[in-house]
Amino acid sequence: MKDLIEALQLMSKHGSPDHPTWCSHDEMHVCVDPSSFSHEDLDKLDSLGFFPDDDCFVSFKFGSC
């Protein structure tokens, strides 16, 4: 759970949409634009289980909500 909390805290620094997450088919999506993140932040998020996918981040590590 620490990885999820750390990832969400890092992503929250880059936006706070009204509906920040959605899940489907064992994927958790966080609706924050990956293009605003530094290479270091992207590497950190990858190590925490999130990868950029178009206009959001996706994780298979945390499954569906």
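Here is a short chat about a predicted model.

Student: Let's start with β4. Are Cys56 and Val58 buried or exposed?

Tutor: In a regular strand, side chains alternate between the two faces of the sheet. In strand β4 (residues 56-59), Cys56 and Val58 sit on one side, with Phe57 and Ser59 on the other. Both faces are covered, and Cys56 and Val58 turn out to be buried.

Student: Okay, so which residue in β4 is the bridge partner of methionine 28?

Tutor: Look at how the strands line up: β2 (residues 27-30) pairs with β4 in the antiparallel sense, over three bridges. Methionine 28 has its bridge partner in β4, and that partner is serine 59.

Student: And which residue in β4 does aspartate 53 stand opposite?

Tutor: Here you want strand β3 (residues 51-53), which runs antiparallel to β4 and is joined to β4 by three bridges. Across from aspartate 53 in β4 stands cysteine 56.

Student: What is the relative accessible area of aspartate 54?

Tutor: Aspartate 54 lies in the loop between β3 and β4, a hairpin with two residues between the strands. Its phi is positive, about 55°, although aspartate 54 is not a glycine. Most residues other than glycine have a negative phi. Aspartate 54 counts as exposed because over 50% is the cut-off, and its relative accessible area is 71%.

Student: Where does aspartate 26 lie?

Tutor: Aspartate 26 also has a positive phi, near 65°, without being a glycine. Aspartate 26 is exposed, with a relative accessible area of 52%. As for its place in the chain, that's the loop between β1 and β2.

Student: What separation do the C-alpha atoms of glycine 15 and valine 32 have?

Tutor: Glycine 15 is in the loop between α1 (2-12) and β1 (21-24), and counts as partly exposed at 30% relative accessibility. Along the chain, glycine 15 and valine 32 are 17 residues apart, but their C-alpha atoms are separated by 6.2 Å.

Student: Now the inside. Which element gives the largest share of the largest nonpolar core?

Tutor: Nonpolar side chains tend to be buried together in soluble globular proteins. The largest nonpolar core here has 12 residues, including Leu4, Met28, Leu45 and Phe57. At least two residues come from each of α1, β2 and α2 (39-48). The largest share, four residues, comes from α1.

Student: Last one: which residues does leucine 45 touch?

Tutor: Leucine 45 is one of the residues of that core. Leaving out residues up to four places away in sequence, leucine 45 touches Ala7, Leu10, Met11, Phe37, Phe50 and Phe57.

Methods: Residues numbered from 1 in each chain as written. Predicted model: local features only at pLDDT ≥ 70, side-chain atom pairs only at ≥ 80, totals over all residues. Heavy atoms only, no water. Buried < 20%, exposed > 50% of the residue type's maximum accessible area, 1.4 Å probe, protein only. Pairing = 2+ DSSP bridges. Core = buried A, V, L, I, M, F, W, Y, C linked by side-chain atoms within 4.5 Å. Contact = heavy atoms within 4.5 Å.
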